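Take a walk through this structure, one strand and one residue at a time. Keep the sequence at hand as you read.

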Amino acid sequence: MVAMDRCRNTSVERCVLHARALSQIAGMIITRCNDVSVMNCLVDNVQYGLWTVADTTGLTVAGNSFDATSGKKSDGGLVGLLLQDVSFPARIEENRVLGFVFGIVLNNGLFTGVPFSLAAGSRIAGNYIVRLGAQVPQWFGAAQRHARCHMAQQQHHGGLDSGHGVGQGGGDVVTGGPL
């Protein structure tokens, strides 16, 4: 719905992006941008909440709500925050990610091959991630995290009878919260 390409020092704040029906689109796509912040926005009825591609640097995503709950019965989206080709540290904090199969993914590739990212030193903290009608695997929430990223105060929830948690990878720092 919103695409940003080759932007510098840009902020998107207090926006509502609403698709009339759950659709296979991205709420926001950010490509080849420097110093972009997305703050206090609502994005719903999308397959991807926010997707970064092609060498984005200086990214901040904070205080947003990404919702793909599809009538509150099952997950409707694939990835809430797909941080692909993010170079240099990113700050992902205090977001609500509801109804996506993957909450937050930090990986240069898609979902195949060995996970890899240049976003060492990223801070992913205080996010609230919920899956509906599904058992939550141990690695759900912040999938494919990479070395030297700081993960803190995450909350992960699944269907009525599911557990919650986040897997740990080499060099990651995981602190606080019901992990």
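Two strands pair if DSSP finds at least two bridges between them. Strand 4 and strand 6 meet that rule: they pair in the parallel sense, over five bridges. Keep in mind that this is a predicted model.

Start with strand 6, residues 56-62. In the pairing with strand 4, Val61 of strand 6 has Val38 opposite it. Strand 6 has further partners. With strand 9, residues 86-87, strand 6 pairs in the parallel sense over two bridges. There, Thr56 has Val86 of strand 9 as its bridge partner. With strand 10, residues 91-93, the sense is again parallel, over three bridges. Here Glu93 of strand 10 stands opposite Ala62.

How enclosed is strand 6 by the rest of the structure? Largely, because six of its seven residues are buried.

Now turn to the interior. In soluble globular proteins, nonpolar side chains tend to be buried together. The largest nonpolar core of this model has 28 residues. Among those with the most contacts inside it are Met28, Ile30, Leu50, Leu59 and Phe66. Strands 3, 4, 5, 6, 8 and 12 each supply at least two residues of this core. Apart from it lies another core, of six residues, including Ala26, Val79, Leu82 and Phe102.

Ile30 gives a closer view of the largest core. Leaving aside neighbours within four places in sequence, Ile30 is in contact with Val36, Val38, Leu50 and Leu59, among others. Thr52 is also one of its contacts.

Follow that contact to Thr52, which is found in strand 5, residues 42-53. Is Thr52 buried or exposed? Thr52 is buried, because its relative accessible area is 0%, and the cut-off for buried is under 20%. Beyond its sequence neighbours within four places, Thr52 is in contact with Ile30, Leu59, Leu82, Leu83, Gln84 and Val86. Gln84 also comes up in a polar pair: its backbone nitrogen lies 3.1 Å from a polar atom of the Thr52 side chain.

Last, the cysteines. How many disulfides does the structure hold? Zero. Cys7 is in no disulfide, and the nearest cysteine sulfur, that of Cys33, is 4.3 Å away. Why is there no bond between Cys33 and Cys7? The two sulfurs are 4.3 Å apart, so they are too far for a bond. A disulfide needs the sulfur atoms within 2.5 Å. Cys33 itself counts as buried, because its relative accessibility is 0%.

Conventions. Residues are numbered from 1 along each chain as its sequence is written. This is a predicted model: local features need pLDDT of at least 70, side-chain atom pairs count only at pLDDT 80 or more; totals for chains, interfaces and linings use all residues. Side-chain values use heavy atoms; hydrogens and water are left out. Buried means under 20% relative accessible area, exposed over 50%, partly exposed in between (1.4 Å probe, protein chains only). Helices (H or I, at least four residues) and strands (E, at least two) are DSSP runs, numbered from the N terminus. A polar contact is a pair of N or O atoms within 3.5 Å; within protein, one must be able to donate a hydrogen and the other to accept it, and residues adjacent in sequence count only if both atoms are side-chain atoms. Contact means heavy atoms within 4.5 Å. A nonpolar core is a set of buried Ala, Val, Leu, Ile, Met, Phe, Trp, Tyr and Cys residues joined through side-chain atoms within 4.5 Å.
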